Structure formats: structure tokens, C-alpha cells
Amino acid sequence: MPVVSLGLNHKSAPLAVREQVVFPADRLDAALTALADRPGVREAAVLSTCNRTEIYAVLALEATPAILQRWLESEHGLPHDGLSDYLYTLEGRDAIIHLLRVAAGLDSLVLGEPQILGQAKLAYHSASRAGLLGQILDRLFQHAFSVAKRVRTETDIGAHPVSVAFVAVTLARQIFGDLGERHALLIGAGEMIELTARHFREQGMGGLMVANRSRDRAEMVAALCSGRAIGLDELEGNLPDADIVISCTASTEPILRRDAVRRSLKARRHRPVFMADLAVPRDIEPRVEDLDDIYLYTVDDLRDVIDRNRQSRAAAADEAERLVAGQADRFMDWVRTLDAVSAIRRYRQHGERQRDYALDQARRQLNAGQPPEQVLEALAHRLTRKLLHLPTLGLREAARSGDPETIRESHRLLGLDDRRDDENE
């Protein structure tokens, strides 16, 4: 039962495709229940963020990763094979090393960003609630969390924290210069918006508003930066005051429409506005970009800035990649022991059955009055013949293959190397 990963991310699919397959938190549990009902799915977890939607699974031997693609398309009402051009499929060691890289921030849009680890933990807990974590995936995710921690503590990958939020704030500063006289409107109250608020505070932002569906949550985030909380119903009325708008919510529909933004520009007398839409699906209607005096960036638009940040972390990334590769091999060794344990258990059971049968035959012979010495010789002969039958077949098959390495390995496993023969003489 190999580990399989199927998904798409910021490298394989554009934003317009990624936003179609996002699983909001309130939908994920039901979706996992539907996945659990798919024949051939033994274990599974789904990691869904603004930059990736990935399924990690352990499948039955007869199953193929295609069943995961069918489920993903079905859950989002997409046509059959509608995602084929954007999906990647990884199996075995490749799938394992991918999850370790993802958890460590090595596959992120912003190299080394720490938020993905928390998102991976949410995926783990969701799969656990759905009863989809078995022996292999449970241990794999725990291993990934441990490796991610080591990457952050043993390398410099996180020495200078960088995130999509940081990049957005950096761009705003490049456009406006000193932010002390500027006002920002943050839409949402999740981790990304909270991080953005902290960055703005560090840059001396003149004024901050936080808009959110939950007023209480908005007030909590606003308190971090001496800002003001408003409800989403107050959004349009406060929009003309914002020089900078950054949005990141879990809404499935745009929150800022083109007409509302156009009206706010008129009220501002067309003073320019910087907007960063960090949400997937998008919070800001794409047509807003067509308006004069609007500088609208999506997560994909931030790629150039992020690529420059990657260069400063290249050396640390190389070190982290080596650590991840070694830990992937370590996990593969553990997976292989599962196969060995199963084989050993079956072979022991086989030997015990042969032993019980031989003892039963010997007791019958003794009860029938046959000489004990003759019965013991027959018992020894019968056990030797039965127990050596399978190893003999294996050696013949190794010899038939003509592969010297296979033959040497067979000798080693059966304890037939010269040194051991000498010890037994």
C-alpha cells in the first residue's frame, strides 16, 4: 500500500484554477467523509491552502491515484478530467519527500514561510476526525512536523521571516514611501491578516481599519495595531478612506465589487489605491484591476518579489533539502520494515503449522508402537523438508535470474555466507 500524493499548487496551476478546488474549513470534514467512502482509499488527508490543494493517501493495491482525481473533480462539480492538465501525482518516496518539503516551507511560494506548518497540522487533525488516519499516514504527518521543526532550528531558512503578508506590505511601502500618513483597510481576521497588521504596525502605518464578518474577531486583530474594527456591512462606507486595501477571507464570493470600488475612487477624487488580494478564491472582483488609479495584486502577482527573497535563502535551502532527503529515506526504511514484519509473521505461522502437523504425526506413530528413534528421525526429516521448501524455491529463482547481487542477497538473508558456515563447523 504505497503512499500517494495528488494535487496542484502555485507552480502547476494558475490562480483561476486553484480557487476552484479550495476546501473551506467548514466543508472539509464532509468532503473527507465522502473520500473515505471511495473504494480503495485506506487512509487519506487533504491539505488545502491559497497556494495548493493536495491529497495524501494510502491506497489498496488494486486502486490507482485516478480515484483521488475523480473525487476532487466531483467535490467541486468539475468535468471529468477537467484538472488533468494541472495535477501532479507522486508515489512512494517521492510523495513522502514532497510532504516533508511542504511542511518545512521548501515548496511554498515564499521559501521557508512558517504558516504552511500550521495548515498541515489542520489537515492532520481533520483527517483524524474523519477516521482517515491509519498507521502509515499518522506516522508520516508526525514525522513531517518533526522534520519541519528541525529545518527551522538547524538551518537559517527562517532567520529573516518572510511571508506573502510581508511582501504585500513591502510593495505598499515601495508605492507610497513613508506609511505614516497613510491609512490601510484589512479585510478578514485570520492569521494572514493578523500578520499583515503586525507588519504595518512595525512600519509606522498612520491608521488601520479591520473589517470582518465577526466584529469580535475584528476587534481582537485591530487591538494588535491600535486600529479600528468595523463590520463587513460598513465596508463600502469606509473604503474611500483607505489608501491601502489588503484582503484575505474564506469567502467563496468576491467581497469587493467593481462598482463599489469605482464609487470609492470618485469619493477619493481618484487618489491612487494599492490593493492586495491574498485570498483564494479571490476577495476582490478581478475587473477592479481595469479601474484607473487602482494597483491590484493577487498572490500570483507577488511572485517576482518573492523570487528575490528566495535568493537570500538559497544556501539555507540547500542544507534543508539535504536534511529532508535523509529523513525521507529514514521514513522509507520504516515503511519497508512493515512489509518485513508481515512476511516474518506469515513465515512463522507457516513454520508453526508444519511443527504442529509433524508433532501430531509423531505422536500417532508413538501410540502405534513404532520405535522412538525411528519416529524422531522421521520427525526431523519431515520438518527439515517442509521448512526448507520455500527457501529452496527462492534460491532456485535467484539462480534462474542470473543476477549475482540477488544471489548474494539470498545467501545473506538465509545465513549462508562463508563466515557463518565456518562458525557452525
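## Overview

Of the 425 residues in the chain, 46% count as buried, meaning that their relative accessible area is under 20% with a 1.4 Å probe and protein chains only. This is a predicted model, in which local features need pLDDT of at least 70 and side-chain atom pairs count only at pLDDT 80 or more, while totals for chains, interfaces and linings use all residues. Residues are numbered from 1 along each chain as its sequence is written, and side-chain values use heavy atoms, with hydrogens and water left out.

The chain has 16 helices and 10 strands, which are DSSP runs (H or I of at least four residues for helices, E of at least two for strands) numbered from the N terminus.

## Nonpolar cores

The largest nonpolar core, a set of buried Ala, Val, Leu, Ile, Met, Phe, Trp, Tyr and Cys residues joined through side-chain atoms within 4.5 Å, has 42 residues, and Ile96, Leu100, Leu140, Phe141 and Val151 have the most contacts inside it. At least two residues of this core come from each of β2 (41–48), β3 (52–59), α4 (93–103), α5 (115–129), α6 (135–154) and α13 (314–367), and α13 gives the most, with 10 residues.

Beyond its neighbours within four places in sequence, Leu100 is in contact (heavy atoms within 4.5 Å) with residues including Leu140, His143, Val324 and Ala328. A second, separate core of 40 residues includes Val110, Ala165, Leu208 and Ala222.

Note on methods
Buried means under 20% relative accessible area, exposed over 50%, partly exposed in between (1.4 Å probe, protein chains only).
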